[in-house]
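Subject: Handover of a structure

Dear colleague,

I am passing a structure on to you, and below it you will find my notes. Please read them with the coordinates open beside you.

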Amino acid sequence: MRCDKGLIHSIESFGTVDGPGVRMVVFFQGCPMRCLYCHNPDTWKIDRGVEMTVQDILSQYERNRAFYEPRGGITATGGEPLMQLGFLTSLFSEAKKHGIHTALDTSGWLYRKEKDADYDELLSYTDYVLLDIKHSDPQGHIDLTGRTQEPVLAFLSKLDERHIPVLVRHVSISGITDSQQELSELGRILAHYNNITGLDVLPYHTMGIRKYHELGIPYHLEDVPAMSKDEAIKNRDIAIEAYHKERSRLSLQYGS
Ligand code: SF4
């Protein structure tokens with residue numbers, strides 16, 4: 001199941017928004033989702049990218065190690081890193097041997113109970129997860145990503161069972177993921193898990209459109225304006241308020 005070689009789209013040496021501290025951000029090639037707002041459509045196909053070994057990546061990390069310590073590490077993102085589960089597991093396991101903090105940025109959609117043993121192995125080397133919850137409504141999730149929501153929440157449960165801290169990320173898009181109902185439901189969903197360390201509501205931006213034009217892929221959100229940071233902050237507040245209300249309700253219900 002382990003695999004020493006993977007297909008990598010690119011590497012950003014000094015990332016500051018993809019996990020704690022300064023990080024080496026490794027963009028994996030391949031993604032099963034088709035989020036309408038995706039700004040990395042060039043990562044979708046699995047038959048692209050550059051072949052790299054675990055050692056190639058760790059050698060690059062070691063060259064800049066002083067910049068990452070003490071708080072940073074490696075973040076696997078994409079694309080969808082879980083598409084190359086064997087390689088990701090090898091990378092994280094080797095990183096841990098070298099005392100490197102590991103973070104996984106994922107939609108979680110590829111998680112399946114039947115593959116639990118493989119996921120247990122990966123998660124035994126995973127320190128932190130950035131989980132994208134694309135839409136709080138099951139049908140909205142399908143409309144936005146082309147994929148069901150259920151495996152994402154199953155993966156979140158799995159992370160909760162293993163006490164892995166999770167930062168949830170949610171892109172807020174006008175007319176799609178910015179209604180009171182959608183954001184409140186997001187807060188209510190998150191209240192049922194004990195491992196959520198934070199919620200980032202990210203404003204939708206239009207910077208990826210150029211790539212669609214270059215790749216000849218239709219872009220379905222041409223008419224949707226970018227969202228301001230202030231609006232995204234307001235939207236986050238709605239979700240957080242619903243989160244706290246639901247936590248109080250649950251604690252009254254279960255007496256904890
Ligand atoms: S999961 Fe990420 S990489 Fe994949 S389509 Fe969605 S935004 Fe793009």
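The notes that follow take the sheet, then the helices, then the ligand site and finally the backbone.

This is a predicted model, in which local features need pLDDT of at least 70 and side-chain atom pairs count only at pLDDT 80 or more, whereas totals for chains, interfaces and linings use all residues. Residues are numbered from 1 along each chain as its sequence is written, and side-chain values use heavy atoms, with hydrogens and water left out.

Eight strands form an open sheet of mixed pairing, in the order E3-E1-E2-E4-E5-E6-E7-E8. Its edge strands, each pairing on one side only, are E3 (50-53) and E8 (196-203), and the twist averages 30° from one strand to the next. Strands (E, at least two residues) and helices (H or I, at least four) are DSSP runs numbered from the N terminus, and two strands pair if DSSP finds at least two bridges between them.

At the E3 edge, E1 and E3 pair in the antiparallel sense over four bridges, with Leu-7 standing opposite Glu-51 in E3. E1 and E2 also run antiparallel, joined by five bridges, and there the partner of Ile-11 is Val-26 in E2. At the E8 edge, by contrast, E7 (residues 166-172) and E8 pair in the parallel sense over seven bridges, and Val-166 stands opposite Ile-196 in E8.

Helix H1 (residues 54-63) lies across E1 (5-15), E2 (23-28), E3 and E4 (73-77), and runs at about 75° to E3. Helix H3 (residues 85-97) packs on the sheet as well, touching E1, E2, E3, E4 and E5 (101-106), and its direction makes about 155° with that of E5. Contact here means heavy atoms within 4.5 Å, while axes are lines fitted to C-alpha atoms, for helices over the stretch in contact, with angles from 0 to 180 degrees between N-to-C directions.

The residues around the ligand, that is, with a heavy atom within 4 Å of it, are Cys-31, Met-33, Cys-35, Cys-38, Trp-44, Gly-79 and Lys-134. By class, this shell has five nonpolar, one polar and one charged residues, where Ala, Val, Leu, Ile, Met, Phe, Trp, Tyr, Cys and Pro count as nonpolar, Asp, Glu, Lys and Arg as charged, and the others, Gly among them, as polar.

Most residues other than glycine have a negative phi, and most peptide bonds are trans. Gly-79, listed above in the ligand shell, follows a cis peptide bond from Gly-78 with omega near 15°, and is found in the loop between E4 and H3. The bond from Glu-69 to Pro-70 is also cis, with omega near 10°, and Pro-70 is in the loop between helix H2 (65-68) and E4. His-163, not a glycine, has a positive phi of about 55°, and is placed in the loop between helix H6 (150-161) and E7.

With best regards
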